[in-house]
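Welcome, and thanks for taking a look at this one. Please take a moment with the sequence and the 3D view below; a short guided tour follows.

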Amino acid sequence: MLKHHPTLRYILTRSLWYFLTFLMAVTLNFFLPRLGASNPVDILMTKVGAGLDTKAAQEKEEAYLKEFGLVEVDGNGTLLRTSDGRPVRTPIWKQFCNYIAMCLKGDFGTSFLNYPKKVSDIIKTALPWTFALQFPTIILGWLVGNVLGALAAYKRGIFDKVLFPFSLLLSAVPFFAFGMLLVYQFAIRWEIFPAMGGYAGGLIPGFNLAFFSSAVYHYALPFFSIFIVQAGSQAIGMRSMCIYELGTDYVKYAKGLGIRENKILYYLFRNAMLPQLTGLALSLGAMIGGALITEMIFSYPGLGMAILTAIQGNDYPLIQGCTLLITVCVLLANFTVDILIGFLDPRVRAGQRGK
Amino acid sequence: MKIFLNLLKTPSFLFGAGCFLLTLCLAFIFPFVYPIDTVTRVGLPYMPPSASHWLGTDHMGVDMVSLIVTGLRSSLYVGFLAGIIATGIGTLMGIYAGFKGGWQDNIITMVTNLFIVIPSFIVLILISSSLKEGRSLALIAGIIGCTTWTWSARSVRAQASSLIARDHIALARVNGTGTFGILLFHILPYLMSYVFMVFILQIASGILSEAAISMIGLGPYDSVSLGTLLNESMKNEALGDGAWWAFVPAAGLITIVVFAFYVINTSMEGVFNPRLRK
Amino acid sequence: MSIFEVDDLHLHYRTRFGEKIPAVSGVSFALEQGEVFGIAGESGCGKSTLVNGCMGLFIPPLYPTSGDVRVAGESIMNRTPADVRTNVLGRKVSMIPQGAFNSLSPTRKIKDIAADMIESHEKGVSKKAIHDRLQQRFRLIGMDADTVLNEYPVRLTAGMRQRCVISISTLLNPQVVIADEPTSALDVTTQKAVITMVFDMLDKGIFSSMIFITHELPLLRHVADRIAVMYAGEFVEVGTTEQIIFDPRQPYTKALMGAMLSAEAGQKQKKPVAIEGAPPNLAKPIVGCRFAGRCPEARPECHRNKQDIRIVGNRQVRCDYAV
């Protein structure tokens, strides 16, 4: 049955691959932070344990160890102990299984910094902000950049000579540096836009006009700092792609047939877009990374800020929860682009027929 | 060699190479005429630029020019080292996959795609956050190199697999040259120009990655780099105080160096692939 | 009146530094109704440039130097690009390109490309009318319209693609069709199918006459009524098929025939003899006959005296010393 539905085969193959990648990501997400020697409980103890006597400190430590799944417990929840009374440490592979089980339930543990707040709660408040900022920005930047690049390739002349070096310069600017420059110029010097935050200090998030208008106002600078650099780098790529496509046989033939110019442009765009989509998928990881740093610069209340404060405070569960979520988002985005390419490029589907 | 001469005639190449050489001078030759001191406090915190201190001071009162030059050196070092590592790994993987084909190719491609899709930035965060104390410049470069090689692998593999179809490779195989010999003597020379272009871009990407990771506070411990300067300026509210000299020069230098590399790469592309020229 | 006339056509390329490289030098011929005119020559002799010139399709760096091209008496030179696009290309003169696969945009269905062709030349045609026309035309020339029209190029075989391209090129019933190596990338069976199709169309009156360009001279034996042999931007011999194939006069034509493998029944299989050397570099001014450097019958005078094409009987030959 599968043989006759190349599209279905394609979707299934990609899904399987992405699932494997997801498993890999979860594994990396678990093991990498544990590379270092630092023990999260020790860090927590230094913060909390000052001033407690030995017995109380020990009890507290054991409580934390139990909470973070680092020691074995029996059916009643009592710590198992070795012969000299110390708690039995959970072997790493068992910790890993517990971790996976927890993740599947959506429980990413408890945050250190904001103890006893759950990581998933923190993420839930931060995620909408990040999504609202990054999703439209990256897509719009991609679209506008590609259109500009195509125009530059087709028109050549002054438009190209000005746009190209300018775009190249823009794509060289790191996202965050551009963000900083924008903040400095438009927020500090000229005071047109606010320098930080997602919304004005005194307001409480809610579905009212005051909040929305404040949010939009605070949205402007972060939006532009991501959008402009993104558009710049896309324009560069698209321009090269289109220059290449302009020399192809189908353009020559279409011209020879007397087909109208804007129809030919459409062919061009449609064909050049495909490698650009692939490029989008490949660079999504980097783009989201850059956008996160932009959030940090603007103290925008999204995942970026969450990660930043987590890093500064050694809040491992929060770091891990955020990174896992971001990885999943990148995977999902890549998957979507892959499927999209499958639909838009007949050659990909043709490649799936059992040749 | 004729290609190299053509390159020298291209104005964009000269511009890019010139910019890069200028930054190299700033990093390595300038210190001979200017005392670089990143420790002594020479003034008040965040003093604006003056005749004696061209870029003012940082949040502790240290001379900004010294910090910039030192930071430039570190960033260049990390970028270069990361570039070498990434290009090395990527080229080897790419050549092997492109040449061997078959199941070796499939496995390497799968691994490459795995590394591509999992954001390297995230991996950087995860590794760096766990290694609190031991983060030297070289280690950071190593981590960056080991997570960003995927792009070179992909590009080189595409080139290599188109090369193996050529006749002189078949001839070498018939003559009994081993795999490694073929790789080294028959494929690599053709790829050199391409690998070099890839290398340029990897260095640029390494510099950007280092700046990114340092900016969020996971950079080298105890070293000054352009990224750590940006981080310091953020932590100490330089933006709010209007102390532009604390971050504009650093950000500007990163941009200039990366831009120079991009221009060099574009001009090389124009020479090696004439269709892109006007 | 000839349906297609080329009158002393000169075309050149302009380089980055402003130099003019003569790509086609003084080509003249005339095509009658119902005639198939073959042009044979090596790669790089200027065949494809001539094709562009014959269509009025001048894309920089290609420019016309002098000369005229007339379709049914009407000149197609000295027109604006917009005029050429609307009235000449596809309507009066249409071309069949060499590589069909690359000539069809991979992300567009056959019927859409064909529809674009019609819409670009005729205003206000309804989608239904276009659909019916395409169905009718494809069926007329023996193609399975329903399957082929709805496919993407990648799903068709090479032969199918070439036939699609031929169909699309002739949709508007052009007067002259220029086929630029239409069979070069195909296997022999498919070649036969394509040629059969083209002649079928000629018989049905879909187009009036054809210029068939190839580097395989023996192919023209089965296809052309008259043949011109091209070398270094010039015609070196023009004559009927019988004359060129069996009684070549000009040394280059003779050498070309000698270099070909021929599966003619009854003809003794002669060993093909390659022509030594390479065509001259047209960027530099050439003294004397352009073929002199490689001509097996060259005399000292050949390197000095430019050869003009002369009328010898009912053919033209560019060689004063040809037998």
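## A first look

In chain B, which has 278 residues, buried residues make up 50%. Please keep in mind that this is a predicted model. The predictor gives the complex an ipTM of 0.85 and a pTM of 0.74. For chain C, the average pLDDT is 83, and 94% of the residues score at least 70.

**Chain B: a chain of helices**

- Chain B has 12 helices and 0 strands.
- Reading along the sequence of chain B, you meet the pattern α-α-α-α-α-α-α-α-α-α-α-α.
- Take the contacts in chain B between residues at least 6 apart in sequence: 70% of them join residues at least 24 apart.

**Helix α10 of chain B**

- Helix α10 of chain B spans residues 226-235, and 9 of its 10 residues are buried, so this helix is largely enclosed by the rest of the structure.
- If you would like to find them in the viewer, the buried residues of α10(B) are Leu226(B), Gly227(B), Thr228(B), Leu229(B), Leu230(B), Asn231(B), Glu232(B), Ser233(B) and Met234(B).
- Just after α10(B) comes Glu237(B), with a positive phi of about 60°.

**Where chain B meets chain A**

- Here, 40 residues of chain B are in contact with 49 residues of chain A.
- On the chain B side, at least two residues each come from α4 (102-117), α5 (120-130), α9 (179-215), α11 (238-241) and α12 (248-272).
- Of the elements of chain B, α5(B) gives the most to the side that touches chain A, with 9 residues.
- By class, the side of chain B that touches chain A has 29 nonpolar, 8 polar and 3 charged residues.

**Where chain C meets chain A**

- This contact takes 24 residues from chain C and 18 residues from chain A.
- The elements of chain C that give two or more residues to the side touching chain A are α2 (81-88), α3 (100-103) and α4 (110-121).
- Helix α4(C) has the largest share of that side, at 4 residues.
- The side of chain C that touches chain A divides into 10 nonpolar, 10 polar and 4 charged residues.

**The sheet of 8 strands in chain C**

- Chain C holds an open sheet of 8 strands with mixed pairing, in the order β6-β7-β8-β3-β9-β10-β12-β11.
- At the edges of this sheet stand β6 (93-96) and β11 (310-312) of chain C; each has a single partner strand, so one side of each is left without a neighbour in the sheet.
- Neighbouring strands of the sheet are turned against each other by 25° on average, with direction ignored.
- Within chain C, strand β9 (residues 226-231) pairs with strand β10 (residues 234-240) in the antiparallel sense, over 6 bridges.
- To see one of these pairings, look at Arg226(C), whose bridge partner in β10(C) is Thr240(C).
- Helix α11 (residues 251-258) of chain C lies across β3 (36-40), β9 and β10 of that chain, running at about 100° to β9(C).

**The sheet of 4 strands in chain C**

- Chain C also has an open sheet of 4 strands, in the order β2-β1-β4-β5, with antiparallel pairing.
- Its edges are β2 (20-31) and β5 (74-75) of chain C, each with a single partner strand, so one side of each is left without a neighbour in the sheet.
- Strands β1 (residues 4-14) and β4 (residues 62-71) of chain C run antiparallel and are joined by 8 bridges.
- Phe4(C) stands opposite Val71(C), which is in β4(C).

**Two residues of chain C with positive phi**

- Asp8(C), placed in strand β1 of chain C, has a phi near 50°, a positive value in a residue other than glycine.
- Is Asp8(C) buried or exposed? Asp8(C) counts as exposed, because it has 11 C-beta neighbours inside 10 Å.
- Asn173(C) is not a glycine either, yet its phi is positive, at about 50°.
- You will find Asn173(C) in the loop between α7 (158-169) and β7 (176-180) of chain C.
- Asn173(C) counts as partly exposed, because it has 15 C-beta neighbours inside 10 Å.

Notes: Residues are numbered from 1 along each chain as its sequence is written. Chains are lettered from A and ligands numbered from 1 in the order in which they are written. This is a predicted model: local features need pLDDT of at least 70, side-chain atom pairs count only at pLDDT 80 or more; totals for chains, interfaces and linings use all residues. Two residues are in contact if their C-beta atoms, placed from the backbone, lie within 7 Å. Ala, Val, Leu, Ile, Met, Phe, Trp, Tyr, Cys and Pro count as nonpolar, Asp, Glu, Lys and Arg as charged, and the others, Gly among them, as polar. Two strands pair if DSSP finds at least two bridges between them. Axes are lines fitted to C-alpha atoms, for helices over the stretch in contact, and angles run from 0 to 180 degrees between N-to-C directions. A residue is buried if 20 or more other C-beta atoms lie within 10 Å of its own, exposed if 12 or fewer, and partly exposed in between; C-beta atoms are placed from the backbone. pLDDT is the predictor's confidence in each residue, from 0 to 100.
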